[in-house]
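User: Please take a close look at the salt bridges in this model, and then set them against the rest of the fold.

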Amino acid sequence: MPATIVIGAEWGDEGKGRAVDWLAADSEVVARYAGGDNAGHTVRVGDSTFKLHLIPSGILRDGVMCILGAGTVVNPLTLVHEMDYLHEYGIEVTPKRLMVDARAHIITPAHVALDGASEAALGGQALGTTKRGIGPAYSSKMARTGIRAQTMCDSEQFGDLLEKAVAEGNRTLQALYHQPPLDAKAAIGQYVDASRRLAPYIGDGVTFIQDALDEGKRVLCEGAQGALLDIDHGMYPFVTSSHPTSGGALTGLGFGPHEVDRVVGVTKAFSTRVGSGPFPTELDGPLGDRLRGTGDNLWDEFGTTTGRPRRCGWLDAVILRYSARLNGLTELILNKLDVLGGFETLKIAVAYDLDGKRTTALPYDLAALERAVPVYDVLPGWTGNISGTRTLEGLPEEARRYVARVQEIMGIPITAIGVGPARDQVILP
């Protein structure tokens, strides 16, 4: 059972990129199973900071094979850009290091334009998408009108399919959204050029992963976004268009549950989210600003993909327990414990008061969730900078008590604690 699945335990932005980077050190294959370049994974290695949106974080580990699985949606221009970006750092992304599953779907220029037009039309009711064409690409996939990555192996066929997709998109842009049409010739030309470069990277990702598992190789399944953004099990409609839950790894990469021995949830020591939707423990004012940071360093709370300030609040254990059951979490990685230093008291939501009744279940009705009032455990804070600490025993007693309380509430072990943004700023209890 050599497969490990890494899950964002809340709304995404929990630090999955650095978690994958840690775990990739003991893996032969790292595979993305859902989403597209709406993901933002930040990893700091030495003096270099890498911000990736599509290529799996495992690319930063020598000898690791990375795969964009069948469940992903791929913008060829973004992929080529990231390959060039990594080249500038001396990391060569060759077909021996990266494979795009032929079954993955392509994000077309029309998808990107339609995403932006749709959000603009919604106005104050906008969902808060990254406007990168993710939702429209999955819509085309489900409507069976999408373009698969395999077509990039034939640039002429790929160009013909793009021409049809852009023409259809332009009709919708003009008739429904009253937006100007795309310049089809320019858009298609860029994509066709990218397809010629990417053709050698297209392959049978499903068979590659199945063979690797049969050979006993460790396969690390990299999620994007978080469990509360799952299209079925998240806070609909404020969700993504795929399955960032553990079940999505199986369908998105093509293997069975008997291969999985670890499902690692990643969370921060507090809660954050980007975009619209309910957030029961959200903090407005000075406390929320303090958790968010100033924007002066890597560890601050601004979206890697969008640059938007993240909404911040106290840790929500109601959501974490829901996520643990939904995904079958076997362990938890707790990031950003260092950020909590200096608070006089800390809070963890252990239940909600909903219309005068206490519940530990996450309401499926968003209107009910908007009315939910968190019921908090209050714990003492600590002073001092813990970013240089590398052992649990070296933490202040109050910090150890906070970690122990989270572990007690969750009922699963905390196997790593992040105390800073660098690769080595981690405590392994």
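**Salt bridges and their surroundings**

Analyst: Asp21, Arg61 and Arg423 are joined to one another in a network of salt bridges, and a search of the whole structure, which is a predicted model, finds 18 salt bridges. Side chains of opposite charge can pair when their charged atoms come close.

A second place to look is Arg103, whose side chain meets that of Asp101 in a salt bridge with an N to O distance of 3.0 Å. Arg103 also forms a salt bridge with Asp204, where the closest N and O atoms are again 3.0 Å apart. This latter pair links distant parts of the chain, since Arg103 sits in the loop between strand S7 (98-101) and strand S8 (105-106), while Asp204 belongs to the loop between strand S9 (202-203) and helix H7 (205-214), 101 residues apart. As for the surroundings of these side chains, Asp101 is buried, because its relative accessible area of 1% falls under the 20% limit. Arg103, at 29% relative accessibility, counts as partly exposed, and Asp204 is likewise partly exposed, with a relative accessible area of 34%.

The salt bridge between the side chains of Arg196 and Asp193, at 3.3 Å from N to O, is a local one within a helix: both residues lie in helix H6 (residues 184-198), three residues apart, or about one turn of the helix. Arg196 is exposed, because its relative accessible area of 53% is over the 50% limit.

Turning from charged pairs to the nonpolar interior, the largest nonpolar core has 77 residues, and those with the most contacts inside it are Phe255, Leu337, Leu340, Ile348 and Tyr402. Helix H12 (residues 397-410) supplies the largest share of this core, namely six residues. Apart from this core lies another, of 49 residues, with Trp22, Cys66, Val80 and Met83 among them. To take one residue of the larger core, Leu337 is in contact, leaving aside its neighbours within four places in sequence, with residues including Ala269, Trp382, Ile386, Leu395, Ala399, Tyr402, Val403 and Ile417.

Finally, a word on confidence: the mean pLDDT of the protein chain is 92, and 96% of its residues reach 70 or more. Over residues 294-299, however, the pLDDT is below 50, although this stretch has 15 contacts in the model beyond near neighbours in sequence. Where pLDDT is low, the predicted coordinates should not be read in detail.

Technical notes:
Residues are numbered from 1 along each chain as its sequence is written. This is a predicted model: local features need pLDDT of at least 70, side-chain atom pairs count only at pLDDT 80 or more; totals for chains, interfaces and linings use all residues. Side-chain values use heavy atoms; hydrogens and water are left out. pLDDT is the predictor's confidence in each residue, from 0 to 100. Contact means heavy atoms within 4.5 Å. A nonpolar core is a set of buried Ala, Val, Leu, Ile, Met, Phe, Trp, Tyr and Cys residues joined through side-chain atoms within 4.5 Å. Buried means under 20% relative accessible area, exposed over 50%, partly exposed in between (1.4 Å probe, protein chains only). Helices (H or I, at least four residues) and strands (E, at least two) are DSSP runs, numbered from the N terminus. A salt bridge is a side-chain nitrogen of Lys or Arg within 4 Å of a carboxyl oxygen of Asp or Glu.
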